[in-house]
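Welcome! Please take a moment to look over the sequence and the 3D view before reading on.

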Amino acid sequence: MARIGKKGIPAGCLNGGCGVCKVVIRCGTVRKAGAMSRAHISEEEETQGIVLACRVMPVSAIDLDVIGKMKKAVTRTLWGGNAV
Amino acid sequence: MGVMRIGHVNIRVMDMEAALKHYQNVVGMKTTHKDAKGNVYLKCWDEWDKYSLVLTPSEQAGMNHVAYKVEKEADLDMLKQRIEAYGIKTEMLEAESLPFVGRMLQFVLPSGHDMRLYAKKECVGTDVGSTNPDPWPDDLRGAGAHWLDHVLLMCEMNPEKGINKVADNTRFFIEVLGFFQTEQILVGPGGAIQLASFLSCSSKPHDIAFVGGDRPGMHHLSFFLDSWHDILKAGDIMAKNRTRIDVAPTRHGVTRGETIYFFDPSGNRNETFAGLGYQAQRDKPIITWTEEQAARGIFYHTGVLDESFTTVYT
Ligand code: FES
Ligand SMILES: [Fe+2]
């Protein structure tokens, strides 16, 4: 789902390891399509519909909010003007 | 001093079958051992010791430990003393705590990463042998990586709180482990903050690298290839296998290396790295990249650094 780039979901490893694509499903259903790192999604979170977008497929129309994000502050200031 | 090279890295994978497909068919390693706990051990064709990669089944991605090989058993005792004198606790793990490896000196780096040193690992020879060898074997797969070349570790960096684990690790590697600095990225007022650090213990431009981020982790493990053409071919192989490529073939300013960044099926970043760039020597002036040119140091052609470089890692 992250690969589609909808809703401004950040795309990182696309393989469930890095956690940047973390979202919460507000309504609708998704199907799990691969392992999600427990470093980023706890069992409890999973039961609350918090998932890694790159590891789920939408089964219906869904509404979601992005939780994970690329941390801009550190890179922007430390890496100078060329970082985007 | 005794450290010769990176010996192996132990990473966590969430799907062993997919991981093996990746490291065998895309990177081109061969499985040399599997243990009762489900760990799988692999080596590249041009390596002579039993393995350079240990895959551990896990519910998360990332690195368990990185190990470097020292020349002599006595180096372990000498380094144990030096590391402890520096104020870091160590433990000498007995032989065979990892299969085919002699005793291992374990300690935690200032950055929090688990590091090991060892002097002995079973030697099985390269795939072309040591007597009148051919330049490459006939059964190369995938990218046909020669060897595990280096790792880049993400280290906590928070200038406001005065935390710079890149600089802390660098000092430890130089003063205690006998590495030398080849290149660095300096930022902030007067270039006071060492944001990235590249260190060698051989004649390669780097044997380990540290970059600042907001949590410790593994940025990538890197495999050596011969040439720019091999990098192109590796990219073809990744496309054929639908490997997630992070950064398509390009050149680093730092080390002059030719590179592809890509992800294994658990999201651990890999690199294929070609060109030895230059000969690293202890008396060569240290190369410094400044804040304005930091991004060009990382990706020389575009001079553009996507924020995922310092955000996406395991
Ligand atoms: S993009 Fe890395 S976990 Fe989804
Ligand atoms: Fe690298």
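The notes below go through the two chains, the metal site and a few residues worth finding.

This is a predicted model. Chain B is built from six helices and 18 strands, while chain A has two helices and five strands. Chain B also provides three protein donors to an iron ion (ligand 2): B:His150, B:His220 and B:Glu271.

**Chain B as a whole**

- In chain B, six helices and 18 strands make up the secondary structure. The radius of gyration of chain B is 19 Å, close to the 20 Å that the globule rule gives for 314 residues, so chain B is as compact as a globular protein of that length.
- If you turn chain B along its principal axes, its C-alpha trace spans about 55 × 45 × 45 Å.
- Of the 314 residues in chain B, 58% are buried.
- Taking the contacts in chain B with a separation of 6 or more, 66% are between residues 24 or more positions apart.
- The accessible surface of chain B is about 12,700 Å², and carbon and sulfur atoms account for 50% of it.
- Chain B carries 33 positive and 41 negative side chains. The centres of these two sets are 1 Å apart.

**The iron site in chain B**

- Which atoms hold the iron ion (ligand 2) on the protein side? They are NE2 of B:His150, NE2 of B:His220 and OE of B:Glu271, at 2.0 to 2.2 Å from the ion.
- Along the chain, these donors follow the spacing H-x69-H-x50-E. The two histidines link distant parts of the chain: B:His150 sits in strand E9 (residues 147-158) of chain B and B:His220 in strand E14 (residues 217-225) of chain B, 70 residues apart.
- Are these histidines buried or exposed? B:His150 has a relative accessible area of 1%, so it falls under the 20% cut-off and is buried. B:His220 is buried as well, at 2% relative accessibility.

**Two buried residues in chain B**

- B:Leu225 belongs to strand E14 of chain B, the strand that also holds B:His220. With a relative accessible area of 1%, B:Leu225 is buried.
- Leaving out residues up to four places away in sequence, B:Leu225 touches several others, including B:Ala143, B:His146, B:Ile231, B:Thr272 and B:Phe273.
- For a sense of distance, the C-alpha atoms of B:Leu225 and B:Asp283 are 27 Å apart in space, with their positions 58 residues apart in sequence.
- B:Pro205 lies in the loop between strand E12 (193-200) and strand E13 (208-213) of chain B. This loop residue is buried, its relative accessible area being 1%.
- Which residues does B:Pro205 touch, not counting those up to four places away in sequence? They are B:Thr182, B:Ser200, B:Thr255, B:Leu276, B:Tyr278 and B:Ala280.
- B:Pro205 and B:Ala18 are 187 residues apart along the chain, and 32 Å separates their C-alpha atoms.

**Two exposed loop residues in chain B**

- B:Glu96 is in the loop between strand E6 (90-93) and strand E7 (104-108) of chain B. B:Glu96 is not a glycine, yet it has a positive phi of about 70°.
- The relative accessible area of B:Glu96 is 53%, so this residue passes the 50% cut-off and is exposed.
- B:Ser130 is part of the loop between strand E8 (114-118) and E9 of chain B. B:Ser130 is exposed too, with a relative accessible area of 70%.
- Between the C-alpha atoms of B:Ser130 and B:Val13 there are 34 Å, and the two are 117 residues apart along the chain.

**Chain A**

- Starting at the N terminus, the elements of chain A come in the order β-β-α-β-β-β-α.
- Buried residues account for 45% of the 84 residues in chain A.
- Of the contacts in chain A between residues at least 6 apart in sequence, 67% join residues at least 24 apart.
- Chain A exposes about 4,200 Å², with 52% of that supplied by carbon and sulfur atoms.
- A:Leu14 is in the segment before strand E1 (22-27) of chain A. Although A:Leu14 is not a glycine, it has a positive phi of about 55°.
- Is A:Leu14 buried or exposed? A:Leu14 counts as buried, at 10% relative accessibility.

Note on methods
Residues numbered from 1 in each chain as written. Chains lettered and ligands numbered in written order. Predicted model: local features only at pLDDT ≥ 70, side-chain atom pairs only at ≥ 80, totals over all residues. Heavy atoms only, no water. Helix = DSSP H or I, 4+ residues; strand = E, 2+ residues; numbered from the N terminus. Rg over C-alpha atoms; globule rule 2.2 N^0.38 Å. Buried < 20%, exposed > 50% of the residue type's maximum accessible area, 1.4 Å probe, protein only. Contact = heavy atoms within 4.5 Å. Areas by Shrake-Rupley, 256 points an atom, 1.4 Å probe, with all protein chains shown as cover. Lys, Arg positive; Asp, Glu negative; His and termini not counted. Charge placed at Lys NZ, Arg CZ, Asp CG, Glu CD. Donors = N, O, S within 2.8 Å, 3.2 Å for Na, K, Ca; no water.
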